[in-house]
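User: Could you take a close look at one helix and how its neighbours pack against it? I'd like the geometry and the residues involved.

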Amino acid sequence: RDLKPGNILVTADGSPKLLDFGIAKLLDPAQDAGLTRLDLRPMTPDYASPEQVRGEPITTARDVYSLGVLLYVLLTGRRPYRPATKDPQALADAIRSTEPVRPSSAIARAEDAETKGEARLLRRQVAGDLDNIVLMAMRKEPQRRYASADQLSNDIERHLQGLPVTARKDTLGYRTRKFVGRHKVGVGLAAAAVLLILGFSVTVTLLWQRAEHARERAQAVVSFLKDVFSVPDPSRSRGEKVTALELLDKGSQQMDRSFTAEPELRADLMSTMGQVYLNLGQWDRAKQLFEVALGLHRRTLRRNDPQVTNDLHNLATALRELGHDSEAEPLIQEGLDLQRQAGDTKNIDYAKGLTNLAAILEEIGRAHV
């Protein structure tokens with residue numbers, strides 16, 4: 001009934017020894033409870049339980065409470081109740097009716113940086129299990145505390161071993177955190193394996209989706225080309241030959257209503273047909289297709305994508321053939337700038353761009369630039 005620091009000696013090997021049994025009470029059911037004079041209430045106030053302060057019969061729950069106060073002091077360096085006055089009645093009132101501040105919140109806030117860091121670390125270590133163990137041992141109602149000192153000791157041992165404690169609500173999340181804390185290496189390796197499997201699965205899925213998308217695009221192009229190159233009914237064509245240019249015109253006309261949901265594919269096909277028109281000397285038609293293809297590629301591809309650069313040079317070539325060198329120059333300049341930014345300068349396309357730019361500058365009298 002009088003557990004306090006002054007009555008406990010800890011030996012060099014860490015074993016605690018009780019020194020003073022002056023007001024101890026035998027736990028004998030046959031014992032007359034009246035043997036203890038309640039009006040005298042022998043106790044040390046700072047470590048006394050609420051029922052002891054009230055003068056009620058004493059059980060082992062009182063010692064559990066005092067052990068909780070001892071643990072509170074060990075963790076925080078201060079006592080759980082600090083009334084505004086030194087009046088013994090103020091302390092008694094606090095023990096009976098005031099809930100103690102959580103130990104992690106009661107840890108002193110240091111002034112210097114080094115001690116501040118130590119205090120923050122200690123608060124993190126105490127918060128959670130130790131907070132709950134102390135507060136459960138110090139509950140006002142004796143029946144809500146640990147049933148014995150052994151139970152309190154077991155909970156402390158469980159905390160030290162990283163196991164769930166009875167003082168905290170047993171939830172799945174709590175048990176999971178404790179399990180992870182006990183098996184950090186194993187959980188880390190398992191998590192790495194799971195991430196590797198997930199990463200592999202995502203990669204395979206993305207590759208499959210890309211392959212499926214490419215297959216669908218290829219089927220759409222084949223269908224489009226079959227329609228373009230389908231030979232007219234001989235009875236309607238009267239035996240006339242269909243030229244490549246006529247087929248190309250048919251395809252470009254159909255392009256106006258094809259692949260509206262696939263702007264990148266639409267741009268690729270327009271760029272390809274523009275190149276054919278360019279080879280056939282149909283400069284104006286090539287220019288029209290290259291302009292549309294460039295606009296679509298700018299919206300669907302990154303700024304320095306090779307296809308954007310290709311459209312710029314092709315459109316500039318068509319403009320040059322039409323005699324619009326002044327309009328072609330900025331397009332070639334932009335194309336060359338994009339190639340330099342992408343580090344794509346060691347190829348024939350870059351050389352052709354430089355040649356075209358030199359020809360334009362010479363034509364407009366700026367060959368020295």
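Analyst: Happy to! Let's start with α12 and helix α13 (residues 283–300), which pack at an angle of about 155 degrees with their axes 8 Å apart; axes are lines fitted to C-alpha atoms over the stretch in contact, and angles run from 0 to 180 degrees between N-to-C directions. α12 is therefore roughly antiparallel to α13 (angles over 145 degrees count as such, those under 35 as roughly parallel). Their crossing is left-handed, that is, the near helix is turned anticlockwise from the far one by less than a right angle. Among the α12 residues that meet α13 are Met270, Met273 and Tyr277, and the α13 side includes Trp283, Leu289 and Phe290 (contact means heavy atoms within 4.5 Å). By class, this contact has 13 nonpolar, five polar and four charged residues.

A word on the model: it is predicted, with local features needing pLDDT of at least 70 and side-chain atom pairs pLDDT 80 or more, while totals for chains, interfaces and linings use all residues. Residues are numbered from 1 along each chain as its sequence is written, and side-chain values use heavy atoms, leaving out hydrogens and water.

Now for the other partner. Helix α12 (residues 263–279) packs with helix α14 (residues 306–321) at about 30 degrees, their axes 11 Å apart, so these two are roughly parallel. α12 passes α14 in a left-handed crossing too. Here Asp268, Ser271, Gln275 and Leu278 of α12 meet α14 residues including Asn310, Asp311 and Asn314. This contact divides into two nonpolar, six polar and two charged residues.

Key: Helix = DSSP H or I, 4+ residues; strand = E, 2+ residues; numbered from the N terminus. Parallel < 35°, antiparallel > 145°, perpendicular 65-115°, else oblique. Nonpolar A, V, L, I, M, F, W, Y, C, P; charged D, E, K, R; others polar.
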